[in-house]
Amino acid sequence: MKSSIKIFSIFGIPVELHISFLLLIILIFSMAFFGFISFYIAFLIILLFSTVIIHELSHSYMAKRYGIPVDRIILLPIGGIASMGKIPKDPNQELKIAIAGPSANIIIALFCFICLGIIGGLGSLSFSSLFITNTPSADLTLFLSNFLGVNLLLGIFNLLPAFPMDGGRVLRAFLARKMDYVKATKIAASVGIQFAVLIAILGIFFNIFLILIAIFIYIGADQEYKATLISSMLEGIYVKDIMAKNVDTLSPETPVFEALSTMFKQRHMGYPVMDNENLIGIVTFEDISKLPEERHTVPIKNIMTKNLILASPDEPALSALEKIQKNNIGRLPVTRNGKLIGIVSKTDIIRVLDSKSV
Ligand code: ZN
């Protein structure tokens, strides 16, 4: 089942609502309908999310300018996520992509401020009027000050130097101009983790929602640091450097029980299936272990995986690792001009990482 629904596309980027977000909208409007909150507040909450979309679109627009593909923007109750390709290691590009989101919010806040000035509403602008209050009726002045407050808050909050939030990326970009990328990430991530702890403590006293954000920052900072470390360790290493060249293969007519005993004897967990010179599939221990005993006499061509995910010998090891992780598989056959020349497994890549992390 699809967990999100596309609402529109802009700059060629689909904007989707997650199911949980749709439920939230229904909840908000039911609350308004039964009088727990005013319709104005309901409307303002929806508007808040539209500013989140604008925030994410600004990141995405800048990313696309640097040739980074953006798959989609998805709206969740905790905010928006733009799923994009790899963010560049170029500090200047990362800086511009990171700062685009909060800038958009600050520009909107500024625009509200100017509008308030034009309609003569600046006098009524106070700290409390910036925040959403449960007023039954609304006028333009109140709306503009609320919208100003929401955007200002969103802009400033995202600029906290708490990696992987935008401010943390800005911090890393600044650090990366002076030191190597891994070190810059390490510092930015540890600042992020300290912020996460601080936000969690504030959450205990003020708002439970902050604890959720703290967890998000904590996990994100840690993951991002590890990913950066791995990508730097694998730099300059290609599939051909680490692949196994003498590949044991099986023929499509081999019965499952025979394949299984070969696996135990040779201690490989996966075998390319070759029809003469042609690679036609792959069979793994996992595939076989899922089969009931009585199917152990069928030929492996009936149970093998036919949609092969391949690697090329000149592909960076990191890209092979990403394919392995994304598809949740253990190994990739390596082919050149359609001919099988090797196999690269997750274990091969981990071995490289282990040898470097002394
Ligand atoms: Zn952002």
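Two aromatic rings, from Phe, Tyr or Trp, count as a pair here if their centres lie within 6.5 Å. The model is a predicted one, and a search through the whole structure turns up six such aromatic pairs.

One of them joins Phe 143 and Phe 147, whose rings are stacked, with 5.7 Å from centre to centre and 15° between the planes. What separates these two along the chain is about one helical turn, because they are four residues apart in helix α4, which covers residues 140-158. Both Phe 143 and Phe 147 are buried. The story doesn't stop with two rings, either: Phe 43 joins Phe 143 and Phe 147 in a cluster linked by ring pairs.

Another of the pairs, Phe 264 with Phe 285, has an edge-to-face arrangement, at 6.0 Å centre to centre and with 75° between the planes. This one ties together distant parts of the chain: Phe 264 belongs to helix α9 (residues 256-266), Phe 285 belongs to helix α10 (residues 285-289), and the two positions lie 21 residues apart in numbering. How open are these rings to the outside, buried or exposed? Phe 264 has a relative accessible area of 58%, so it counts as exposed, the cut-off being over 50%. Phe 285 comes out at 28% relative accessibility and is therefore classed as partly exposed.

Rings can also have a charge for company. Lys 240 sits over the face of Tyr 238, 5.8 Å from the centre of the ring.

Conventions: Residues are numbered from 1 along each chain as its sequence is written. This is a predicted model: local features need pLDDT of at least 70, side-chain atom pairs count only at pLDDT 80 or more; totals for chains, interfaces and linings use all residues. Side-chain values use heavy atoms; hydrogens and water are left out. Rings of Phe, Tyr and Trp (its six-membered ring) pair if their centres lie within 6.5 Å; planes under 30 degrees apart count as stacked, over 60 as edge-to-face and the rest as tilted. Buried means under 20% relative accessible area, exposed over 50%, partly exposed in between (1.4 Å probe, protein chains only). A charge sits over a ring if NZ of Lys or CZ of Arg is within 6 Å of the ring centre and within 35 degrees of the ring normal.
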